[in-house]
Amino acid sequence: MQTTTDQNRQQLIEYINQLPDRPYRDSYLIAVLHKAQELYGYVSRDAMDLISSQMQIPTAHIWGVVTFYHYFRTQPPGRYQISVCLGTACYVKGAAEVLQAFKDRLGVEAGQITEDGLFSLLEARCLGACGLAPVCMINDKVYGQLNPDKVGRIINDLRKAAR
Amino acid sequence: MMEYAITICEGPTCIGRHADRLRAILLEELAKRGLKDHVRINISGCLGMCHKGPFLVVNPGYTIYGGVTESDIPVIVEEHIVKDRPIARLAVQEDHLFNRFYRIFGDVGFFGKQMRITLRNCGIIDPENIDDYLALRGYEALAKVLTEMTPQQVIAEVKQSGLRGRGGAGFPTGLKWELTAKQPGPEKYVICNADEGDPGAFMDRSAIEGDPHTILEGMIIGGYAIGSNHGIVYIRAEYPLAVRRLEIAIQQARQHNLLGKGILGTNFDFDIEIRLGAGAFVCGEETALIQSIEGARGMPRPRPPFPATSGLFGKPTLINNVETWANIPVIILEGAKWFSSIGTETSKGTKVFALAGCVVNTGLVEVPMGTTIRQVVYDIGGGIPGGKRLTAVQTGGPSGGCLPESYLDTPVDYESLAKAGSIMGSGGMIVMDETACMVDVARFFLEFTQSESCGKCTPCREGTKRMLEILERIVQGKGRPGDIERLERLGNMIKKASLCGLGQSAPNPVLSTIRHFRDEYQQHIEQKRCPAGVCKALLTYTITDACVGCGACKKVCPVGAISGTKKEKHVIDQAKCIRCGQCYTTCKFNAISRS
Ligand SMILES: Cc1cc2nc3c(=O)[nH]c(=O)nc-3n(C[C@H](O)[C@H](O)[C@H](O)COP(=O)(O)O)c2cc1C
Ligand code: FES
C-alpha cells in the first residue's frame, strides 16, 4: 500500500516532469517549491533533496531560495495557523498589542509553534482587510477588530473545537 | 419579469463580516422562489467600500445595499427583485465617490470614466466571465491596435498620453516602451508587476480580482508594441483569488483567440503565464523580480543595464505595474488627448489609493491626479471618526513619508508629493489621528524595511539596522542628545549609497517625520515623553482625585505597584510600575491619568 508521503512524492515528481521543457527550466524552481509546500504543508529537507535530484539543482541553492522567501516554511505548521496582520492600517489601530496577546496566551514567539502542535503564530503584512483592522487570519478565516480580550476568546474557542 | 445581476463583494473585509453566508442565503432564497434563472450572482473581489460591508450591488440600477444582514436578504429579494422596487431604507445613500461612480456610470459615461479609469469595470462585470468584459468594449483596444496601428503608432500614443508608471517611481511609460522596442529581438519579455509589497495597500489585488482581462489586454498591446511574444504576470502567492481569476481569464482569452498563435487572425503571437512570488518585499523591485522569476533569491542588481536592455534571461524586458497596464486599453480607445486632459501638468490620468487607518470610509478610491489629500481624506474618506484630530497622512508605504495637517492641500501628483517629503508610491494612504506617535510609526516602517533588506549591499543592510537601534532606544526612553542628527546623517547616507530602491527609500519615513514632527522626537529624547501616549516606556500613570477607591486597579496590577484602602484614593508606586497600562484600561472612573 502506498503511504501518503509516497503519493506526495509521486505527485511532486509528476509536477516537475510536466513543466515546460524550454531552455529556462530552472526558473520554475519557485513554482515547484510552492507545489511541495502545498503537498506536504512545508518544505522539508527531504523534499529539497528530491527536487534537487529531479531538477538537477544543488540542494544548497534550493535551501538558499527557500530561506530567502517568507512564504516557505521549513517546519510543519500547527493545526491552526495564526497570521497576525502587522500592516500599516492594522498597526496604527493596535496590532502590536494583539500580537503580544497571542504571544502571551500561546507562550510562543512569532514564527514558532505551540508544544501541542495546535497553533503556529506568524506575522503577516496587510491581509487586505484593512477595513476591519486590526485583523488576523486563522487558516482561511479572517477575524477582525481584535483586541487582547477577543484574542483570549478566540484561542479558547479553538482549543475547545480541537478537542 | 426583470433580469438582474447581483454583485456580492467577497473581499477580505466583507468575508470577515460573513458575506459568504449572505450569498448562501441569497441563493437559497432565489431557489425557493424559482428565480434562479432570472438573477445572476457575481462574486467580486474587494470593491473598495470596506466600511459599508458586507454589501450587494443590484444591477441594472446600480443600487448598493450596505451593511446587509441575513434578515435583509428576503426583503431585498421580495421588494427589489420580485416587485422591482429598490429599498431606499437599505441602500447606501451617501455620496462617497464610489457610490457616485456607480450612479453616474449608468448615464453619463464620461464623468464616470474620469474618476474610475483603471477600476472602471470592477464590481460591474463578472470577472470570471469574458463575455461581460467583451460587452463593455473589452479587447476592442487590442483589435484596434492589431488592425489599424503600427507598433510605432501605439508607442507614440502611449507617449503622448503622458502616462507614468504607477508602481512607485513614475517613469514615463511610453519612453520605457520605446527603449524596449528599440532593442534587438526576437526574444523579449513583457512583465506585469503584481507583487504589491506595500504592507497596507491592496489596489493591484482588487484590480485583478475585479477585472483581470484589462490587465491581459494591456499586456498583449504592450507585447505588440515592443515586439514580444511572451508575457509573465508576477503575482504574490498571498493573493489566491487574484491568481485563480487570472488563470481563468487567460484560459478564456486563449479560447477566444486573444492569446496564443495568430491573435484575432493576424500573424501576431502572444501568450501569458503566471509566476508566483513567495513573500519578499524586495521582489517588487524590478531587477529582484527578474531574479525571482529565474528561480533564484530575489536580490537586486545594479542598473544599468536596465531591464529594457538586459532583463529576464538577459533579454530585453518591459516591466510595468498592474495599474499602469490597466490604463493602456483606455488610452488606446479614448485617445491620448483625452487621457492627458485628466490630471496635472506633469501627472496625467488617475491614481488609485487604498485609504485606511483612522478614517471613516476605508477602501479604494480612484481620483484624478491633482486632487488634494484633503479632498481624499475628508470629502471621500469622510474625515476622522470620533471627533479626533488628524496628525498625519502617510503615503508611499515604507518608501514614503508622513505629511502633517498643514500639508493636506498638497495635490496628489508625483512632484508635489516628493517636494513635500513623501512619495506617490504605489497607492497606500494611511490616515493617522492623535493616537499615533510619529516616532513609533517611523520605527514601524524601518523595522519592516530592515527585515526585508536582502542583505546584498552594506549601506542598506547595516545602515537600516543602526537607524533602527537608535529609534528603538528613543522609544524606550533611552534617547541621547544628538540622536536626531545621527538619524539624519545616517539616513541621507543610506539614501545615497544603497544599491536599489529599497535602501534608497528606506530612510524616508524617518526623515519625513523628523522634518515635519521634530518636536515629537525632541520630547521623546529630552523630556522622555511620548505626546501621543503610545511609547509604553515613556508613560507615567498616576491616580487622580476621581478615584473612588474601588480597588479594581489594585487587583489587576501584575506587579503589586498599587496600594490604598477601600473607598480611599489609591496610589501607584512609580518605582514598581512596569507601565503595562492594565490599571488604565480597567478603571471605570477615568481616575488614572497617563502622560
Ligand atoms: C523595494 C521596492 C519595491 C517595489 N515594489 C513594487 C511593487 O510591489 N509593485 C510594483 O509595481 N512596483 C514595485 N516597485 C517598482 C518596480 O521596481 C518598477 O519600477 C515598476 O514595477 C515599474 O513599473 P511602472 O513603470 O509601471 O511603475 C518596487 C521598487 C522597489 C525599489
Ligand atoms: S493592514 Fe492589516 S489588513 Fe491591511
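Author: Helices and strands are DSSP runs numbered from the N terminus, a strand having at least two residues. These labels are applied here to a predicted model.

Reader: Which element gives the most to the shell around ligand 1?

Author: Strand β8(B) does, with three residues. Both β8 (317-321) and α21 (501-505) of chain B supply at least two residues of that shell.

Reader: Which of the 18 residues around ligand 1 come nearest?

Author: Those are B:Gly167, B:Asn193, B:Asn320, B:Asn321 and B:Thr324.

Reader: How should polar contacts to the ligand be read?

Author: A polar contact is a pair of N or O atoms within 3.5 Å. In this model, an oxygen atom of ligand 1 lies 2.7 Å from a side-chain N or O atom of B:Asn321, and for B:Thr324 the distance from a ligand oxygen to such an atom is 2.7 Å. For B:Asn193, the corresponding distance is 2.9 Å. The protein covers 90% of the 620 Å² of accessible area that ligand 1 has on its own.

Reader: How many residues of each class does the shell around ligand 1 have?

Author: Nine are polar, six charged and three nonpolar.

Reader: How is the packing of two helices to be described?

Author: Angles of 65 to 115 degrees count as roughly perpendicular, and those under 35 as roughly parallel. Helix α9 (residues 173-182) and helix α11 (residues 212-226), both of chain B, pack at about 50 degrees with axes 8 Å apart; α9(B) is therefore oblique to α11(B). B:Trp177, B:Thr180 and B:Ala181 of α9(B) make the contact with B:Ile221, B:Gly222, B:Ala225 and B:Ile226 of α11(B). By class, this contact has five nonpolar, two polar and no charged residues.

How values were computed: Residues are numbered from 1 along each chain as its sequence is written. Chains are lettered from A and ligands numbered from 1 in the order in which they are written. This is a predicted model: local features need pLDDT of at least 70, side-chain atom pairs count only at pLDDT 80 or more; totals for chains, interfaces and linings use all residues. Side-chain values use heavy atoms; hydrogens and water are left out. A residue is near a molecule or strand if one of its heavy atoms lies within 4 Å of it. A polar contact is a pair of N or O atoms within 3.5 Å; within protein, one must be able to donate a hydrogen and the other to accept it, and residues adjacent in sequence count only if both atoms are side-chain atoms. Accessible areas come from the Shrake-Rupley method with a 1.4 Å probe; for residues, only the protein chains shown count as cover. Helices (H or I, at least four residues) and strands (E, at least two) are DSSP runs, numbered from the N terminus. Ala, Val, Leu, Ile, Met, Phe, Trp, Tyr, Cys and Pro count as nonpolar, Asp, Glu, Lys and Arg as charged, and the others, Gly among them, as polar. Axes are lines fitted to C-alpha atoms, for helices over the stretch in contact, and angles run from 0 to 180 degrees between N-to-C directions. Angles under 35 degrees count as roughly parallel, over 145 as roughly antiparallel, 65 to 115 as roughly perpendicular and the rest as oblique. Contact means heavy atoms within 4.5 Å.
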